[in-house]
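Please look through the following structure with some patience, following one element at a time before turning to the whole.

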Amino acid sequence: MIKAALLRDYGKDLEVVDVDLAPLTPNQVRVRMAASGVCHSDLSLQHGKFPYPVPCVPGHEGAGVVEEVGEAVTRVSPGDHVVLSSFPACRDCVYCDAGQPFLCENGMAEGIAAPYGSAGGETVFAGMMTGTFGEMTQVLERQVVPIDREIPLDVAALVGCAVTTGVGAVLNAAHVQPGETVAVVGCGGVGLSVIMGAVVAGASRIVAVDLSAERLALAETLGATDVVDASQADGVAAVKALTGGPGVDHSIEVVGRSATIRQTYDLTRRGGTCTIVGAGGSDETVSFDTMEIFFSGRRIVGCVYGNADPDRDFVRFLDLYKAGRLPIDTLITERIGLDGINDAFVAMEAGEGARSVVVFPS
Ligand SMILES: [Zn+2]
Ligand SMILES: [Zn+2]
């Protein structure tokens, strides 16, 4: 029996309850959680915007220590430190064969179907196939990536979503080159990771756009060369003015709303690349007229989970952290217990702070 934060139904607060974990299948791994970040996608799941079966234990950005392994598991052993991936890849489909494991649908189906546990006799799912808002979770073997034991697990946890999504967007999706200009619209945990990634890529100018002065200050700490407070100024005009008129080479949208996607497209220079990282709702649309799509010559790039291969990128990004080139710890603005998640959701909705991290007592 473990304590976990349960979402009984869409729109409800999370409740800390006792969960009985199911027996492990041969290819599952049970992990004692050390830390779990609170991500905007957890909020989308709570609101039912991100379709996922309930009741479930949300949380998908976690790291911990392997507690027990199924009989067929070879990748890890008890005691190994791991980061969890919420994108299991089957390694044997058209997407995986094309080097795009972040698009694998087989792995997702298998992850959702994998047994997790029950609460009060009712079957409970592991939210986003990971369920990191509990003292322990169990996931498929292919969802655990072993890491160096010297890395703090609260830092490692953020590589499970925010860091991989943001840094991956810059390096894997946008392919920012040294000397290019970058603007990021939305500076929560993922947007701030975009800024860190743009520094690593050697961008000459990194413009941070957000509505929160606190987040913009953090953006400057992490390497933004310019900040635009969109609550005070027209963000599109401000970014274009900073580049002398044409707009930036690369824009990266991390909000997932039609208005901000449209603005992000508009502040990209002709021929530039507009990368969409924000996960919006299927009820929102964005309009472009047919002439501007042609004449602007811009590329619009969708980006899922930083277009990452977790097996390669988790370790790569943590190596950059160890080398002092990816200050992931700066993203953690609050450490909370399981009972603090509802308040963290409220703060996130208000656009406050960067990342709240649930820390589990060891
Ligand atoms: Zn996330
Ligand atoms: Zn696959």
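In this predicted model, the buried residues of helix α11 are Pro310, Asp313, Phe314, Phe317, Leu318 and Tyr321. Seen down the axis of α11, these buried residues fall within an arc of 125°, so they line one face of the helix. An α-helix has 3.6 residues a turn, so residues three or four places apart point the same way. The length of α11 can be checked too: at 1.5 Å a residue, the 13 residues of the helix, 310-322, should span 18 Å, and the end C-alpha atoms are 18 Å apart, which agrees. After α11 comes Gly324, and the phi of this glycine is positive, near 80°.

What covers the buried face of this helix? Among the elements that cover the buried residues of α11 are two strands, β6 (81-84) and β10 (144-146), together with the helices α4 (153-159) and α5 (162-174).

Strand β6 deserves a closer look, since it has a place in this covering. Both of its faces are covered, with His81 and Val83 buried on one side and Val82 and Leu84 buried on the other. Strand β5, residues 61-69, runs antiparallel to β6 and is joined to it by 3 bridges, and within this pairing Gly64 stands opposite Val82. The strand β6 also pairs with β10, again in the antiparallel sense and over 3 bridges, where Val83 stands opposite Val145. Val82 and Val83, which are buried on opposite sides of β6, thus appear again in the pairings, Val82 facing Gly64 and Val83 facing Val145.

Another set of strands begins close to the start of the chain numbering, where β1 (residues 2-6) and β2 (residues 15-21) run antiparallel and are joined by 5 bridges. In this pair, Lys3 stands opposite Asp18 of β2. Strand β2 is also joined by 2 bridges to β7, residues 117-119, and these two strands likewise run antiparallel, with Gly117 in β7 as the bridge partner of Leu21.

Turning to the whole, the protein is divided into domain 1, made up of 2-160 and 327-359, and domain 2, which covers 168-304. The centres of the two domains, taken over C-alpha atoms, are separated by 28 Å, and their contact takes 15 residues from domain 1 and 14 residues from domain 2. On the domain 1 side of this contact, the largest share, 3 residues, comes from helix α1, residues 40-46, and the residues of that side divide into 6 nonpolar, 6 polar and 3 charged.

Note on methods. Residues numbered from 1 in each chain as written. Chains lettered and ligands numbered in written order. Predicted model: local features only at pLDDT ≥ 70, side-chain atom pairs only at ≥ 80, totals over all residues. Helix = DSSP H or I, 4+ residues; strand = E, 2+ residues; numbered from the N terminus. Expected span 1.5 Å × (residues − 1). Buried ≥ 20, exposed ≤ 12 C-beta atoms within 10 Å, placed from the backbone. Arc of directions from axis to C-beta. Contact = placed C-beta atoms within 7 Å. Pairing = 2+ DSSP bridges. Domains from an automatic or database assignment. Nonpolar A, V, L, I, M, F, W, Y, C, P; charged D, E, K, R; others polar.
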